[in-house]
Amino acid sequence: MQNFNPYQAPQSAFDETSSESDDRRGPWRDGPDLVTLRDARLPGRCVKCNAPGQARLQKTYYWQSAWWLLLVLLNLLIFLIVSLVVRKKCTLQSTLCERHARRRSRLIVGALSCLGACVLSLIAAGMNESGPLFALSGALLLASILVAVIAGRMLYAKRITERYARFGGAGAEFLAGLPRFRGGDA
């Protein structure tokens with residue numbers, strides 16, 4: 001049995017690709033920053049170049065004040081426990097165009113390749129007891145971490161409050177299509 005409701009408002013097929021932003025629900029721009037309500041869904045446009053979106057991504061972002069890093073000087077374990085307690089969390093659904101989605105995929109494959117080469121060189125270094133191979137495996141591990149951080153960082157959280165989340169990394173073209181943020185604590 002179909003659930004047809006003749007009184008329901010019509011649904012637009014272009015809702016996912018709309019670049020329009022509601023001035024009350026966001027998202028907004030604030031200088032170079034993207035401001036959203038917590039747990040928001042961005043318009044179906046690429047957050048880097050504002051082209052029509054192809055790949056929709058959902059990512060959970062965490063943020064805590066940088067002052068908590070001072071606890072590392074006291075004890076790393078205390079810092080980790082406090083960090084898990086005080087961090088704020090936000091889920092954001094965003095979109096990438098085909099070109100930026102391919103770039104992100106290539107970077108992820110590159111990071112995994114560096115990690116695989118690190119494991120192979122570490123095995124070879126252990127079998128041959130070679131110092132230079134141990135150094136190479138360390139360099140490959142560092143390279144894989146750096147590439148993974150670059151690949152996974154489409155947007156990054158600058159601040160998360162009880163109501164709003166502020167992100168960096170959005171493209172100027174995407175931000176230009178958003179209304180200016182007029183809210184308070186973001």
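## Two helices, a core and an open sheet

Let's start with H100, which sits in helix α3, residues 98–128 (helices, H or I with at least four residues, and strands, E with at least two, are DSSP runs numbered from the N terminus). This is a predicted model, where local features need pLDDT of at least 70 and side-chain atom pairs count only at pLDDT 80 or more, while totals for chains, interfaces and linings use all residues. Residues are numbered from 1 along each chain as its sequence is written, and side-chain values use heavy atoms, with hydrogens and water left out.

**Helix α3**

H100 has a relative accessible area of 17%, so it is buried (buried means under 20% relative accessible area, exposed over 50%, partly exposed in between, with a 1.4 Å probe and protein chains only). Skipping neighbours within four places in sequence, H100 is in contact with C46, K48 and C49 (contact means heavy atoms within 4.5 Å). The other buried residues of α3 include A101, A111, C118, S121 and A125. What do the buried residues of α3 pack against? They pack against β3, β4, β5 and α4.

The helix α3 has 31 residues and reaches 45 Å from its first C-alpha to its last, close to the 45 Å expected at 1.5 Å a residue (the expected span is 1.5 Å times one less than the number of residues). After α3 comes E129, with a positive phi near 50°.

**Helix α4**

The 22 residues of α4 should span 32 Å at 1.5 Å a residue, and its end C-alpha atoms are 32 Å apart, which agrees. S137, L140, S144 and A151 are the buried residues of α4. Seen down the helix axis, these buried residues fall within an arc of 60°, so they line one face of α4 (the arc is that of the directions from the helix axis to the C-beta atoms). As a reminder, an α-helix has 3.6 residues a turn, so residues three or four places apart point the same way. On the face turned away from the buried side, α4 carries the exposed residues P132, L142 and L146.

Part of the cover over the buried residues of α4 comes from α3. S137 is a handy example: it belongs to α4, residues 131–152, and counts as buried at 4% relative accessibility. Leaving out neighbours within four places in sequence, S137 is in contact with C118, S121 and L122.

**The nonpolar core**

The largest nonpolar core has 22 residues, and L34, L155 and F167 have the most contacts inside it (such a core is a set of buried Ala, Val, Leu, Ile, Met, Phe, Trp, Tyr and Cys residues joined through side-chain atoms within 4.5 Å). Two or more residues each come from β3 (41–46), β4 (55–63), β5 (88–96), β6 (156–160), β7 (164–168) and α5 (172–176). Which strand gives the most to this core? That is β5, with three residues. Residues up to four places away in sequence aside, F167 touches a list that includes D33, L34, Y61, C90, L92 and L155.

**Strands and sheet**

The strand β3 is mostly covered, with five of its six residues buried. Two bridges join β3 to β5, and these strands run parallel (two strands pair if DSSP finds at least two bridges between them). C46 stands opposite T95 in β5.

Elsewhere there is an open sheet of four strands in the order β1-β2-β7-β6, with antiparallel pairing. At its edges stand β1 (28–30) and β6, each with a single partner strand, so one side of each is left without a neighbour in the sheet. On average, neighbouring strands of this sheet are turned by 35° against each other, direction ignored (axes are lines fitted to C-alpha atoms, for helices over the stretch in contact, and angles run from 0 to 180 degrees between N-to-C directions). β6 and β7 pair in the antiparallel sense over four bridges, and I160 stands opposite A165 in β7.

**Positive phi**

Here are two loop residues with positive phi.

| Residue and phi | Place |
|---|---|
| D39, about 55° | loop between β2 (33–37) and β3 |
| N50, near 65° | loop between β3 and β4 |

Neither D39 nor N50 is a glycine. At 53% relative accessibility, D39 counts as exposed.
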